[in-house]
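Me: I'm new to this one and would like to go through it piece by piece. Could you show it to me before I start asking?

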Amino acid sequence: MTILIQFIHPYPERSRANHAVLDALRDLPGARVNDLYALYPNFYIDIQREQALLMEADVVLFQHPFYWYSCPALLKEWIDVVLEQDFAYGAKGLALRGKRWLHSVTTGMPATAYAPDGINGIAVAELLKPFELTACFCGMTWLEPMIFHGAYAADEAQMARYGQALRRRLETLA
Ligand SMILES: Cc1cc2nc3c(=O)[nH]c(=O)nc-3n(C[C@H](O)[C@H](O)[C@H](O)COP(=O)(O)O)c2cc1C
């Protein structure tokens, strides 16, 4: 099984949580890390390269911090330009059918902030609906997302445990 890890963090040198996750996944058999901000700091995405990577993958993992209740801007740009008509959707756009989409996000705020009576009053999984709909529109299978809440307050051990849990999840998919 081939796993494409789309790592999306604009400041990886300052990252604690996403960095810890990446450390846990680096040597996962069959996995390839695609660091989008390292590749495309100016947002000029190599569409053919990205589409070729997608075609090789069985599972695509999107790993990123939660930014303004969504993703860092480069992932939105990637979705806009890579998931083209006649590639990802439309009568001739069958390239992604049956592939699995797994989203893993880290949030600064704790889980209580995303509870019905919390400051946001809505769960992160609900806020990820646009990604779920995008996956479905492309004929991909949306997997239950993984969320690491409370990254600001978390210690190294908690982050490492989350990374291992995500790794086990990916191994189970294989
Ligand atoms: C521009 C920006 C927007 C953010 N928006 C949110 C948000 O909407 N909800 C939230 O819980 N945390 C938010 N955060 C906090 C990040 O999610 C948090 O710093 C990140 O998950 C920690 O991961 P890292 O150590 O890999 O950077 C935001 C941070 C930044 C810089």
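**A first walk through the model**

Reply: Let's start with Thr141, which sits in strand β5 (residues 141-142); helices (H or I, at least four residues) and strands (E, at least two) are DSSP runs, numbered from the N terminus. This is a predicted model, where local features need pLDDT of at least 70 and side-chain atom pairs count only at pLDDT 80 or more, while totals for chains, interfaces and linings use all residues. Residues are numbered from 1 along each chain as its sequence is written, and side-chain values use heavy atoms, leaving out hydrogens and water.

Me: Is Thr141 buried, partly exposed or exposed?
Reply: The cut-offs are under 20% relative accessible area for buried, over 50% for exposed, and partly exposed in between (1.4 Å probe, protein chains only). Thr141 has 37% relative accessibility, so the label is partly exposed.

Me: And how far is Thr141 from Leu96 in space?
Reply: In sequence, Thr141 and Leu96 are 45 residues apart. In space, C-alpha to C-alpha, the distance is 9.5 Å.

Me: Which residue is 56 residues from Leu4 in sequence and 4.8 Å away in space?
Reply: Leu4 is part of strand β1, and with a relative accessible area of 2% Leu4 is buried. The 4.8 Å goes from C-alpha to C-alpha, and the residue at the other end is Val60.

Me: What does the side chain of His9 reach?
Reply: His9 is in the loop between β1 and α1, and is buried at a relative accessible area of 8%. A polar contact is a pair of N or O atoms within 3.5 Å; within protein, one must be able to donate a hydrogen and the other to accept it, and residues adjacent in sequence count only if both atoms are side-chain atoms. Here the distance is 3.0 Å, and the partner is the backbone nitrogen of Tyr11.

Me: How many salt bridges are there?
Reply: Side chains of opposite charge can pair when their charged atoms come close. The rule asks for a side-chain nitrogen of Lys or Arg within 4 Å of a carboxyl oxygen of Asp or Glu. By this rule, the count is 7.

Me: Which residue does Glu156 form a salt bridge with?
Reply: The closest N and O atoms of this pair are 3.8 Å apart, and the partner is Arg16. Glu156 belongs to helix α7 (residues 156-173) and Arg16 to the loop between β1 (3-7) and α1 (17-25), so the bridge ties together parts 140 residues apart in sequence. Glu156 is exposed at 55% relative accessible area, while a value of 38% makes for a partly exposed Arg16.

Me: How far apart in sequence are Glu132 and Lys129?
Reply: Their side chains meet in a salt bridge at 3.2 Å, N to O. Both Glu132 and Lys129 are in helix α6 (residues 129-137), about one helical turn from each other, which comes to 3 residues.

Me: Which residues do salt bridges with shared partners join into one network?
Reply: Shared partners are what link these bridges up. The network is made of Asp27, Arg167 and Glu171.

Me: Which side chain of opposite charge is nearest to Lys99?
Reply: Lys99 is in the loop between α4 (73-82) and β4 (100-106), and is buried yet has no salt bridge. The side chain of Lys99 does have a polar atom 2.7 Å from the backbone oxygen of Ala57. For charge, Lys and Arg count as positive and Asp and Glu as negative, with His and the chain ends not counted. The nearest opposite charge is 5.4 Å away, on Asp58.

Me: What is the phi of Tyr69?
Reply: Tyr69 is in the loop between β3 (59-65) and α4, and is partly exposed at 34% relative accessibility. Tyr69 is not a glycine, yet phi is positive, at about 65 degrees.

Me: And what is phi near for Asp86?
Reply: Asp86 is in the loop between α4 and β4, partly exposed with a relative accessible area of 42%. Phi is again positive in a residue other than glycine, near 70 degrees.
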